[in-house]
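Subject: A structure for you to explore

Hi there,

I'm passing along a structure that I hope you'll enjoy looking through. Please open it first, and then read my notes below.

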Amino acid sequence: MASTTRYTTTTFALGHIVTFLALRFMNSLGSVFSFISKDAVGKIQIMENYRIGESSQQYLTLQSMVKYEMENKLVDLVQRSENWDSGCRTILRLHRVLRWLQLFLEKLQIASEDSKTSVLCTEAYNDSLACHHTWIVRKAATVAFYALPTRVAFFEAMNMGTTEEAVAKLGVALPFLSKVFDITEELYKQHNLLDLP
């Protein structure tokens, strides 16, 4: 039991670290990603409020949060309810952003030198977030992605060193992103939470 608690707490902490790094990454890209990072910051603030609120003990791990909110009917699986900012729903939105970031970074890691990051980013967006957004948001996102530089210039702007160093750093970071995504995906799948309204 102690090892399970340590594992889930570590998973939640790892999720926070990954989210922080993802936000730092998006903020360093400037206004192109501001619409995503501002939304993510708002969602992180919702979760921080839960973590320090009167039910804070229920928000120590993803597992305890899901259990608490499901048992107390704070999550409506059918329609958007008065609990629109439940922890489960908020984490789901962050989970989807994490998936987009994961796919984008994976594409960046294996792309050729002359690859257009705008194309890579659009492909990652279409494979993850686009289906959850309205037509106008999808179009705005696609237009924003066109402002991204080439892959080499992108790595330079990120201050990640040479292209080879950047690819190596992505090789270290991506397994952590994948782990956080996979754990959350599995937990949400078990509880039928992946399609919350």
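Of the 197 residues in the protein chain, 44% are buried. Please keep in mind that this is a predicted model.

Let's begin with the overall fold. The protein chain has eight helices and zero strands, so you can follow it along the sequence as α-α-α-α-α-α-α-α. Among its contacts with a separation of 6 or more, 68% are between residues 24 or more positions apart. On the outside, the accessible surface comes to about 10800 Å², and carbon and sulfur atoms account for 57% of that.

Now for the inside. In soluble globular proteins, nonpolar side chains tend to be buried together. Here, the largest nonpolar core contains 28 residues. Trp 100, Phe 104 and Leu 108 are the ones with the most contacts inside this core. Which elements give two or more residues to it? They are α4 (87-110), α5 (117-126), α6 (135-145), α7 (151-157) and α8 (163-190). With eight residues, α4 gives the most.

Leu 108 is a nice residue to click on. If you leave aside its neighbours within four places in sequence, Leu 108 is in contact with Thr 117, Leu 120, Arg 151, Phe 154, Phe 155 and Leu 170.

Apart from the largest core lies another one, made of 17 residues. Met 65, Tyr 68, Ile 91 and Leu 94 are among them.

Happy exploring, and write back with any questions!

Best wishes

Note on methods. Residues are numbered from 1 along each chain as its sequence is written. This is a predicted model: local features need pLDDT of at least 70, side-chain atom pairs count only at pLDDT 80 or more; totals for chains, interfaces and linings use all residues. Side-chain values use heavy atoms; hydrogens and water are left out. A nonpolar core is a set of buried Ala, Val, Leu, Ile, Met, Phe, Trp, Tyr and Cys residues joined through side-chain atoms within 4.5 Å. Buried means under 20% relative accessible area, exposed over 50%, partly exposed in between (1.4 Å probe, protein chains only). Helices (H or I, at least four residues) and strands (E, at least two) are DSSP runs, numbered from the N terminus. Contact means heavy atoms within 4.5 Å. Accessible areas come from the Shrake-Rupley method with a 1.4 Å probe; for residues, only the protein chains shown count as cover.
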